[in-house]
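Please look over the structure shown below before reading on. The briefing that follows takes up a few of its features, grouped by topic.

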Amino acid sequence: MAAARPELPGAAAAARSLARGCWSAFWDYETPKVVVVRSRRLGVVHRAVQLLILLYFVWYVFIVQKSYQERETGPESSVVTKVKGITASGRRVWDVEEYVKPPEGGSVFSVVTRIEVTALQALGTCPESLRVQNAVCHSDDDCAPGELDMLGHGRCAGVGWGSEPSRAPGPHSRRLPPGLRTGRCVPYYHGPARTCEVSAWCPLEDGASASQFLGHMAPNFTILIKNSIHYPKFQFSKGNIASQRGDYLKHCTFDHDSDPYCPIFRLGFIVDQAGENFTELAQKGGVIGVIINWDCDLDLSESECNPKYSFRRLDPKHIPASSGYNFRFAKYYNTNGTTTRTLIKAYGIRIDVIVHGQAGKFSLIPTIINVATALTSIGVGSFLCDWILLTFMNKNKIYSHKKFDKVCAPRHPSSTWPMTLALVLGQGPPPSCHSQDQLPIPSSGQGPTSGQGAELGLAPFLTHSSRWGTLLSHRTEVFYMRSPHRIHTHKP
């Protein structure tokens with residue numbers, strides 16, 4: 001007699017049973033079952049959800065988004081700009097070569113509207129600016145000789161210096177390179193304050209700068225913006241100048257309605273369209289974006305692909321630390337062997353030309369994908385109604401029993417194909433669903449009639465012409481179909 005196998009602990013047995021159940025359920029096949037529920041409220045919800053999904057795909061996906069098209073974003077673009085106009089400050093006249101920086105005519109340029117000029121700067125020693133940290137002093141002891149402040153106005157040695165470096169006072173007889181503190185505490189340019197002396201371009205801006213406003217005539221400056229785009233995927237190119245006449249641009253300015261293909265803008269028009277006050281912007285400077293948008297539907301004619309212009313301020317004007325725009329540049333002179341310069345701090349309106357857009361053309365692949373998605377999404381209505389049916393309806397348990405069935409496949413010791421074919425055709429012996437409780441096949445004189453079976457939703461089985469049916473396990477009820485006329489019910 002074989003030795004008795006040791007019993008597994010309860011937890012191990014439960015885990016083994018669970019693993020077997022999961023492995024068995026992994027090979028189950030699920031197929032939809034149609035259950036007709038005659039409920040007006042549920043039917044209204046079902047059709048309303050389907051209608052909303054259909055409207056979403058027809059109106060938004062296909063009409064608004066044009067998802068039937070193949071699209072390309074970010075066109076290849078070139079921008080050429082040109083500014084014209086003159087202005088004056090005092091007795092001086094300023095032309096394009098002086099107030100437009102840089103002069104190359106790219107997509108980013110600045111129009112100078114106000115300047116602070118520090119003239120006749122020369123290499124020497126002078127008081128450091130009060131705006132420089134640790135520049136304020138009370139005596140020479142507060143100013144260490146030879147100290148270099150990288151954020152100050154001193155200049156490093158060997159960079160554009162043409163004069164002899166200064167000497168430190170007192171016992172310090174060694175030479176100091178330009179850009180270092182001399183070690184002396186000297187009076188400031190104005191007021192009672194005192195700062196450390198530095199070797200630099202003197203005088204500094206704080207001591208001798210003069211402001212000049214160039215913005216009186218600046219609103220009338222004209223800006224030509226030539227733009228050409230190309231979509232390589234569709235081999236489509238177009239520019240924002242449509243006329244073929246050579247003198248067309250000499251007699252037009254931009255207008256949304258009458259001249260949309262004349263890209264000549266007044267500077268005042270650009271600032272107004274951005275919602276800014278020109279005088280305030282010219283005083284402190286700012287950054288204005290000229291956005292050119294090319295949205296082209298290439299299923300239509302080429303004349304329907306037109307540029308759309310918009311204007312807005314790009315720098316945050318409500319944040320004092322980051323609003324405004326200015327830059328510095330210098331003009332150098334050589335007089336009698338002495339190098340001098342004029343330092344100019346320029347405030348201006350910076351123009352950034354930004355080009356973007358997208359093009360679309362009909363394509364069969366995105367059309368098929370979106371139509372299939374629309375048809376699939378309509379099933380969301382059935383999922384929602386199933387959830388309502390099985391959760392909130394009064395007879396949700398009855399609906400659940402009707403909706404979910406479990407059919408046990410027949411297990412026969414013979415695996416030959418004739419027997420399998422006989423089972424498929426319904427000519428084989430009755431199948432057995434192996435379970436813990438082997439239920440006997442009821443006799444033909446028991447169970448409900450075919451009419452009762454029809455009420456249980458089993459009419460398709462009752463009309464089957466086979467002699468033996470299928471074993472149907474429906475949660476707590478197991479049905480044995482003996483013949484097409486009677487159904488026997490056994491409740492375990």
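The points below deal with a pocket, a surface patch and several salt bridges.

This is a predicted model, and a search of the whole structure finds 10 salt bridges. The second largest pocket has a volume of about 530 Å³, and a nonpolar surface patch covers about 690 Å².

**The second largest pocket**

- The lining of the second largest pocket is made up of 17 residues, and those that lie nearest its centre are Val35, His46, Ser382, Asp386 and Lys403.
- Two or more lining residues are given by each of helix H2 (40-64), helix H8 (379-391) and helix H9 (396-403), with the largest share, 4 residues, coming from H8.
- Sorted by class, the lining of this pocket holds 9 nonpolar residues, together with 4 polar and 4 charged ones.

**The nonpolar surface patch**

- The residues that make the patch of about 690 Å² are Leu54, Tyr56, Val58, Trp59, Tyr60, Ile63 and Val64.
- Tyr60, one of the patch residues, is found in helix H2 and is partly exposed, because its relative accessible area of 33% falls between the limits of 20% for buried and 50% for exposed.

**Salt bridges**

- Glu197 forms a salt bridge with Arg184, in which the closest N and O atoms are 2.6 Å apart; this pair links distant parts of the chain, since Glu197 belongs to strand S8 (residues 194-202) and Arg184 to strand S7 (residues 181-187), 13 residues apart.
- Within that pair, Glu197 counts as buried at 6% relative accessibility, whereas Arg184 counts as partly exposed at 34%.
- The side chains of Glu276 and Lys317 also meet in a salt bridge, with an N to O distance of 3.2 Å; Glu276 lies in the loop between helix H5 (267-273) and helix H6 (278-284), and Lys317 in the loop between strand S14 (308-313) and strand S15 (326-335), so the pair ties together parts that are 41 residues apart in sequence.
- Glu276 is buried, with a relative accessible area of 14%, while Lys317 is partly exposed, with a value of 38%.
- Asp352 and Arg350 meet through their side chains in a salt bridge of 2.9 Å, N to O, where Asp352 counts as buried at 12% relative accessibility and Arg350 counts as partly exposed at 27%.
- Salt bridges that share partners join Glu276, Arg313, Asp315 and Lys317 into one network.

Note on methods. Residues are numbered from 1 along each chain as its sequence is written. This is a predicted model: local features need pLDDT of at least 70, side-chain atom pairs count only at pLDDT 80 or more; totals for chains, interfaces and linings use all residues. Side-chain values use heavy atoms; hydrogens and water are left out. On a 1 Å grid over the protein atoms alone, a cavity is a set of points where a 1.4 Å probe fits but cannot get out, and a pocket is an open set with protein on both sides within 12 Å along at least five of seven lines; lining residues have an atom within 4 Å of a point. Grid points are joined across faces, edges and corners, and a volume is the space filled by probe spheres set on the points. Ala, Val, Leu, Ile, Met, Phe, Trp, Tyr, Cys and Pro count as nonpolar, Asp, Glu, Lys and Arg as charged, and the others, Gly among them, as polar. Patches are made of residues with over 30% relative accessible area and no salt bridge: like charges are joined within 9 Å, nonpolar side chains (Val, Leu, Ile, Met, Phe, Trp, Tyr) within 5 Å. Accessible areas come from the Shrake-Rupley method with a 1.4 Å probe; for residues, only the protein chains shown count as cover. A salt bridge is a side-chain nitrogen of Lys or Arg within 4 Å of a carboxyl oxygen of Asp or Glu. Buried means under 20% relative accessible area, exposed over 50%, partly exposed in between (1.4 Å probe, protein chains only).
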